[in-house]
Amino acid sequence: MSVIGAGGHAKVIVGLLHALGARIEACFDDDATKRGQQILGVPIRSLTELPTEALAVLAIGNNRTRQRLARELPCVWASLVHPTAFVDPSSLIGPGSVVFAGAVIQPDVVVGAHAIVNTAASIDHDGNVGDFVHVAPGCHLAGTVTIDEGAFLGVGVSVVPGRRVGAWATVGAGACVIRDIAPGITVVGVPARPIVASNRGEVTR
């Protein structure tokens with residue numbers, strides 16, 4: 001298995017692969033200052049050394065960067081589920097997506113490609129998580145929630161049943177989503193509200 005990236009998210013991916021007993025070829029990164037270093041005993045190599053059509057996973061937390069690399073790199077993308085996570089057999093996990101330790105995915109959930117369901121997050125029945133979404137640690141999505149492509153849910157976000165978070169929206173840590181969130185905006189707070197710049201340059205919600 002080849003790991004793309006050599007930052008903090010890569011460290012957690014490497015730990016997951018160790019828990020699965022997988023053989024890791026290397027972590028591949030374009031940061032020349034990291035060459036010769038290791039992540040949990042795994043060597044860091046140049047991204048230019050990545051084998052063509054390698055079995056790989058993107059260990060990149062940033063959704064836009066993950067999307068770009070998924071389109072650029074000629075890899076076979078693996079989906080990973082930590083052995084302490086629960087994924088109901090009726091649910092689907094897309095290529096390149098990762099489900100971390102302690103996460104729970106209930107029946108008839110669809111997780112798209114290259115999504116992240118991070119530590120101890122939960123997605124209840126009939127949820128839909130789009131491509132390149134990041135559901136951060138400790139998030140809880142109730143039943144029939146939809147998270148569209150590229151959206152980011154910060155640590156500890158909760159979403160009530162049936163709500164939708166639009167594509168490439170950002171939900172700040174600890175927010176509670178009780179209404180649909182429009183694409184591309186940032187919301188914070190309880191309940192979650194958009195961040196708006198005032199005439200004086202102040203940020204309000």
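1. A good place to start is helix α1: it has 13 residues and spans 19 Å from its first C-alpha to its last, close to the 18 Å expected at 1.5 Å a residue. Keep in mind that this is a predicted model.

2. Which residues of α1 are buried? They are His9, Ala10, Ile13, Val14, Leu16 and Leu17. Looking down the axis of α1, you'll find these buried residues within an arc of 160°, so they line one face of the helix. The general background helps here: an α-helix has 3.6 residues a turn, so residues three or four places apart point the same way.

3. Have a look at the spot just after α1 too: Gly21 sits there with a positive phi of about 75°.

4. Now for what α1 lies across. The helix covers residues 8-20 and lies across β1, β2, β3, β4 (42-46) and β5 (55-58), and it runs at about 160° to β1. The other helix to check against the sheet is α2 (residues 63-72), which packs on it and touches β1, β5 and β6. The direction of α2 makes about 160° with that of β5.

5. On to the sheet itself. It is open, built from 6 strands in the order β3-β4-β2-β1-β5-β6, with mixed pairing. Which strands are at the edges? Those are β3 (38-39) and β6 (76-77), each pairing on one side only.

6. One pairing to trace by eye is that of β1 (residues 2-4) with β2 (residues 26-29): the two run in the parallel sense, over 3 bridges. Within this pair, Val3 stands opposite Cys27 in β2.

Conventions: Residues numbered from 1 in each chain as written. Predicted model: local features only at pLDDT ≥ 70, side-chain atom pairs only at ≥ 80, totals over all residues. Heavy atoms only, no water. Pairing = 2+ DSSP bridges. Helix = DSSP H or I, 4+ residues; strand = E, 2+ residues; numbered from the N terminus. Contact = heavy atoms within 4.5 Å. Axes fitted to C-alpha atoms, helices over the stretch in contact; angles between N-to-C directions. Expected span 1.5 Å × (residues − 1). Buried < 20%, exposed > 50% of the residue type's maximum accessible area, 1.4 Å probe, protein only. Arc of directions from axis to C-beta.
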